[in-house]
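Work through the exercises below with the sequence and the model side by side, trying each task before reading its solution.

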Amino acid sequence: MDLAVLRDDMVDSLEHPSKGVVSSESVSTAMRTVPRHEFVEDDRLAYADRSFEHRGTRVLGPSTAARLLEALDAEEGDSVLVVGAGVGYTAAVLAEIVGERNVHAVDITRSVVLDARSNLASAGYEGVFVDCRDGADGLPEYAPFDRILVEAAAADPPRPLVEQLASDGKLVIPVGVGEQSLTVVDGDETDDQNGRQLGTVAFAPLLVEGEDADSIERNRTVREDRERAERARERRPGWERDWIDWDGDGSLSD
């Protein structure tokens, strides 16, 4: 069967009330345009709504990808960061919406980055920037971003990503340990990182430097505990932040 027909059938099913995950014209048009078979080796899997493993990472099924994209609500011309490049498919769909030069993707696993670059080039989206980075650190040299999409879970939205969000931007990330919620943090509400919750999801945890995609031990909680402690310290009144060294006579020391 013609692959374009399979793409249309795939999106038709995602728009059907039984799933209802595609609701915007922009996401519908982009998913009907991007040749997903360029990102999935097995043509039988390319347009089936199922996830699978690739180099230790989970490639999202079309319905999950669509759910993230609808929550992100990207518009033409937006600057977008994708944390978790995967096979590059989500970045390609965003390239159709915002323009490929406006899409930046990072992944901590070098082999995944190389595959994503190759897939994007084969599909005609070589203008998408893909780099090997610790996703929780974002991409500060290209910030601020109008939209940030994280395709991995964290206990809290990583602080660097929140700080790289434009004032009217939007961060979409699965949040939680154990039970996770798809969470949206608006750029003008970065002090409230609880965000808006859009239902439950199940994603692999965001990796940190030194971890491989297929590693069993994950030390992300070390970084998250450090970030929480830093936020708590900054919330204290100014006089409490510094240690006051008193002389024996009760006067302040120089």
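**Exercise 1.** How much area does the protein expose, and what share of it do carbon and sulfur atoms supply?

Solution. This is a predicted model, in which local features need pLDDT of at least 70 and side-chain atom pairs count only at pLDDT 80 or more, while totals for chains, interfaces and linings use all residues. Residues are numbered from 1 along each chain as its sequence is written, and side-chain values use heavy atoms, with hydrogens and water left out. By the Shrake-Rupley method with a 1.4 Å probe, the protein exposes about 12,800 Å², of which carbon and sulfur atoms supply 45%.

**Exercise 2.** Compare the end-to-end distance of helix α6 with its expected span.

Solution. Helices here are DSSP runs of H or I with at least four residues, and strands are runs of E with at least two, numbered from the N terminus. The expected span is 1.5 Å times one less than the number of residues; for the 14 residues of α6 (residues 110-123) that should give 20 Å, and the end C-alpha atoms are 20 Å apart, which agrees.

**Exercise 3.** Which residues of α6 are buried, and what do they pack against?

Solution. Taking buried as under 20% relative accessible area (1.4 Å probe, protein chains only), the buried residues of α6 are Val-112, Val-113, Asp-115, Ala-116, Asn-119, Leu-120 and Ala-123. They cover an arc of only 165° around the axis, judged by the directions from the axis to the C-beta atoms, and therefore lie on the same side of α6. Through contacts (heavy atoms within 4.5 Å), they pack against β1 (52-54), β2 (57-59), α5 (89-98), β4 (103-107) and β5 (129-132).

Methods. Buried < 20%, exposed > 50% of the residue type's maximum accessible area, 1.4 Å probe, protein only.
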